[in-house]
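Let's walk through one helix pairing and then zoom in on a couple of its residues. Have the model open as you read.

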Amino acid sequence: YVRFHLISPLIQQSAENIVLFDTFVNILSHNLGEPAYEADVAQLEYKLVAGEHGLVIRVKGFNHKLPLLFQLIIDYLSDFNFTPAVFEMITEQLKKTYFNILIKPETLAKDVRLLILEHGRWSMIDKYQTLMNGLSIESLSSFVKAFKSQLFVEGLVQGNFTS
């Protein structure tokens, strides 16, 4: 079991940065779908989670091939690229996701409660409005470059691994 948290102060600076981060993580997951398929067949699991303060990479499975899967994820992260068609597809999916959160009273109430309790939190309404106003491919590219340049990493490795 390997878990790394790539923390960046850049994410919480604005609602646009949060939306760009969500877009980045979704495109990265999309890009990994085909290359990581063989790992899935070999019973290795991975998950990329857009956390509040950064990207959480979780990998678990048999230890002899786990580093290869983790290296694949890191390679795709470091050489991040995307096509305009993928960008459009992911932003459309995010619009639907954000809208579905907004129309459910219980999730909207949770978001409002957390907005009151947490300093510097951006509401789902802010994120949805930012996404509806439109994102540019250039803004995503510059965000990803800035994100990768301002990272702090925390990690946990459990299981049959040597130091």
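**Where two helices cross**

Start with helix α1 (residues 15-32) and helix α7 (residues 137-149): their axes come within 10 Å and cross at roughly 85 degrees. Keep in mind that this is a predicted model. Angles from 65 to 115 degrees count as roughly perpendicular, so α1 and α7 are roughly perpendicular to each other.

Now for who meets whom. On the α1 side you'll find Glu-16, Asn-17, Leu-20, Phe-21, Thr-23, Phe-24 and Ile-27, and they meet Ser-139, Leu-140, Phe-143, Val-144 and Phe-147 in α7. Sort the contact of α1 with α7 by class and you get eight nonpolar, three polar and one charged residues.

Two of the α1 residues in that list, Thr-23 and Asn-17, deserve a closer look. Thr-23 sits in helix α1. Is Thr-23 buried or exposed? With a relative accessible area of 0%, Thr-23 falls under the 20% cut-off, so Thr-23 is buried. What does its side chain reach? The answer is the backbone oxygen of Val-19, at 2.8 Å from the side chain of Thr-23. Setting aside neighbours within four places in sequence, Thr-23 is also in contact with Phe-87, Ile-90, Thr-91, Leu-94, Leu-135 and Leu-140; Leu-140 is one of the α7 residues named above.

Asn-17 is likewise part of helix α1. Its relative accessible area is 12%, so Asn-17 is buried too. Not counting residues up to four places away in sequence, Asn-17 touches Leu-10, Ile-11 and Phe-143, and Phe-143 belongs to the α7 side of the contact.

How values were computed:
Residues are numbered from 1 along each chain as its sequence is written. This is a predicted model: local features need pLDDT of at least 70, side-chain atom pairs count only at pLDDT 80 or more; totals for chains, interfaces and linings use all residues. Side-chain values use heavy atoms; hydrogens and water are left out. Axes are lines fitted to C-alpha atoms, for helices over the stretch in contact, and angles run from 0 to 180 degrees between N-to-C directions. Helices (H or I, at least four residues) and strands (E, at least two) are DSSP runs, numbered from the N terminus. Angles under 35 degrees count as roughly parallel, over 145 as roughly antiparallel, 65 to 115 as roughly perpendicular and the rest as oblique. Contact means heavy atoms within 4.5 Å. Ala, Val, Leu, Ile, Met, Phe, Trp, Tyr, Cys and Pro count as nonpolar, Asp, Glu, Lys and Arg as charged, and the others, Gly among them, as polar. Buried means under 20% relative accessible area, exposed over 50%, partly exposed in between (1.4 Å probe, protein chains only). A polar contact is a pair of N or O atoms within 3.5 Å; within protein, one must be able to donate a hydrogen and the other to accept it, and residues adjacent in sequence count only if both atoms are side-chain atoms.
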